[in-house]
Amino acid sequence: METMKVETISKEIIKPSSPTPNDLRTLQLSIYDHILPPVYTVASLFYTKNDLISREHTSHKLKTSLSETLTKFYPLSGRINGVTIDCNDEGAIFVDARVDNCPLSGFLRCPDFEALQQLLPLHVVENPYVAAATWPLLLVKATYFQCGGMVIGICISHKIADATSISTFIQTWAAMARGEAGDEVAGPEFAAADFYPPANDAFKFPVDEQANKRSSITKRFVFDASKLEQLRTKAASTDVVARPTRVESVTALLWKGLVAAASLSLTTSDHKVLFQPANLRPKIPSLLPESLFGNVMFTSVVLSIGPEGEVKIEEAVGELRKKGEDLRCLIKDEDGSSSSMIGSKLANLMFANYSKMSYETHEPYTVSSWCKLPLYKAHFGWGSPVWVAGNVSPALGNLAMLIDSKDGQGIEAFVTLSQENMSSFEQNPELLAFASLNPSVLV
């Protein structure tokens with residue numbers, strides 16, 4: 001297949017349709033926001049040919065509705081200034097682009113991750129690591145294919161948004177584009193720093209200095225519904241977890257493959273640990289509404305293994321279930337406490353766990369789940385997306401992002417590893433017994 005050529009047509013700054021009131025001009029970041037790496041949370045929405053898609057009309061509709069949406073999501077037009085956001089209506093970046101030499105169906109038959117990066121708007125910022133930590137906080141790219149299909153690439157700084165937040169933004173923007181979300185629709189709440197303690201400039205957090213210097217590669221592994229059901233059966237055990245969830249089963253299998261690949265590496269650390277962020281909104285719905293925008297997660301070590309250890313999938317699933325129950329019990333013990341008291345307790349627990357870890361002796365991995373987010377309902381007026389890809393950008397190594405397949409039953413895993421570890425991981429026979437490596441999106 002010919003290499004896809006993406007040509008930029010225009011770049012604009014989109015500002016809110018109404019100015020942000022003076023009393024909303026400063027937003028405090030939380031301590032959780034403060035410790036996150038300077039990357040963008042990224043979603044790419046793919047739409048096949050539709051007579052309602054035309055470059056001029058669609059571009060105008062997207063920009064106009066985005067401007068209206070930014071009135072509700074006003075911090076996304078601002079700029080990070082230390083531990084706060086100046087909600088100064090500086091605007092978001094919107095890029096229009098086109099592809100004339102390759103039909104969208106050709107790309108979707110074998111999605112190429114390097115080509116996927118061309119469909120994101122990060123090329124317009126000089127240094128994405130710096131940009132994600134400062135400005136712009138929101139970048140959008142609409143790419144039109146000659147065949148009539150299109151892709152909307154959305155990047156929101158992880159310093160202000162988790163996966164649930166980007167989903168909330170996309171659903172609101174899509175409703176605005178359809179003309180279904182006016183002033184009567186409640187907007188998001190920007191109060192994450194009322195839950196977790198506010199960020200403090202003096203607080204320093206240990207970081208992996210080599211993380212951005214390592215060469216890494218991302219590949220897509222798809223667990224279809226039938227194979228995932230087989231995996232859940234394999235991961236089950238009568239005395240531990242009789243019926244594992246889809247995410248528990250995939251996480252355990254990925255962990256086993258990641259550990260096996262790392263054990264063959266010449267640069268592996270003694271201990272490997274797996275972090276898994278948990279969305280706290282459904283766990284404390286009385287205090288944390290679904291519309292709460294920001295980083296409202298609890299991240300902890302859910303699995304660990306020493307140099308001589310061997311991963312057993314059933315045991316890993318049991319450990320994952322136990323960590324989830326421990327978190328629920330911890331929250332339940334605080335029943336009746338204020339939001340800020342629970343947030344402070346969880347923050348202290350997270351930092352106590354992090355402080356025990358050294359990047360010299362521990363090799364961290366992360367599996368983050370976007371499953372159950374309604375991203376396939378992102379209907380801007382020309383139907384639902386045929387494919388949604390999610391990740392962070394610039395890519396972080398030792399990371400797996402899980403996202404639902406379009407049918408809501410399967411799971412797609414975007415795994416980023418070093419070249420050395422990936423060459424072993426992608427050939428793991430147990431993994432490939434349940435997952436297909438980058439199959440066609442088109443059925």
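A nonpolar core is a set of buried Ala, Val, Leu, Ile, Met, Phe, Trp, Tyr and Cys residues joined through side-chain atoms within 4.5 Å. In this predicted model, the largest such core has 71 residues. Leu62, Leu138, Ile152, Ile154, Phe169, Trp173 and Phe380 have the most contacts inside this core. The element that gives the most to the core is helix H6, residues 163-177, with 7 residues. Ile154 shows how the contacts are spread along the chain. Leaving aside neighbours within four places in sequence, Ile154 is in contact with residues including Thr41, Val42, Ala43 and Leu45. The list for Ile154 also includes Leu138 and Leu139, as well as Ile166, Phe169, Ile170 and Trp173. There is also a second, separate core of 38 residues, and among its members are Leu228, Val302, Leu402 and Ala435.

Confidence comes next. The average pLDDT over the chain is 90, and 94% of the residues score at least 70. Among the elements of the chain, helix H12 (residues 429-432) has the highest mean pLDDT, 98, and helix H5 (residues 128-133) the lowest, 76. Where pLDDT is low, the predicted coordinates should not be read in detail.

An open sheet of 7 strands follows the order S11-S10-S12-S14-S15-S9-S16, and its pairing is mixed. Strand S11 (297-305) and strand S16 (436-437) are the edges; each has a single partner strand, so one side of each is left without a neighbour in the sheet. Helix H9, residues 313-333, packs on this sheet and touches strand S10 (271-279) and S11. The direction of H9 makes about 150° with that of S11.

The mixed pairing can be followed strand by strand. S10 and S11 run antiparallel and are joined by 8 bridges; in this pair, Val273 stands opposite Ser304 of S11. S10 also pairs with strand S12 (residues 362-369), here in the parallel sense and over 5 bridges. Lys272 stands opposite Glu363 in S12. Further along the order, strand S14 (residues 399-404) and strand S15 (residues 411-418) run antiparallel, with 6 bridges between them. Ala400 has Val415 in S15 as its bridge partner.

Ala278 gives a closer view of S10, the strand in which this residue lies. Its relative accessibility is 18%, and because buried means under 20%, Ala278 counts as buried. Not counting residues up to four places away in sequence, Ala278 touches Lys283, Val296, Met297, Phe298 and Leu327. Tyr376 is 98 residues away from Ala278 in sequence, and the two C-alpha atoms are 21 Å apart in space.

After H9 comes a loop that leads to helix H10 (339-355), and Glu334 is found in this loop. Glu334 counts as buried, at 14% relative accessibility. With its neighbours within four places in sequence left aside, Glu334 is in contact with Ile342 and Lys345. Helix H8, residues 246-263, has 18 residues and reaches 26 Å from its first C-alpha to its last, close to the 26 Å expected at 1.5 Å a residue. H8 is mostly covered, with 14 of its 18 residues buried.

Another open sheet has 3 strands in the order S2-S5-S4, with antiparallel pairing. Its edge strands are S2 (26-28) and S4 (79-81), each of which pairs on one side only. From one strand to the next, the twist averages 30°. S4 and strand S5 (residues 84-86) are joined by 3 bridges, and Arg79 stands opposite Asp86 in S5.

Some backbone geometry remains. Most residues other than glycine have a negative phi, and most peptide bonds are trans. The peptide bond from Ser393 to Pro394 is cis, with omega near -5°. Pro394 lies in the loop between strand S13 (387-393) and S14. Asn398 lies in the loop between S13 and S14 and has a positive phi, near 55°. Lys372, in the loop between S12 and S13, also has a positive phi, near 80°. Are these two residues buried or exposed? Asn398 counts as buried at 15% relative accessibility, whereas Lys372 is exposed, with a relative accessible area of 75%.

Key:
Residues numbered from 1 in each chain as written. Heavy atoms only, no water. Pairing = 2+ DSSP bridges. Helix = DSSP H or I, 4+ residues; strand = E, 2+ residues; numbered from the N terminus. Contact = heavy atoms within 4.5 Å. Axes fitted to C-alpha atoms, helices over the stretch in contact; angles between N-to-C directions. Expected span 1.5 Å × (residues − 1). Buried < 20%, exposed > 50% of the residue type's maximum accessible area, 1.4 Å probe, protein only. pLDDT = per-residue confidence, 0-100.
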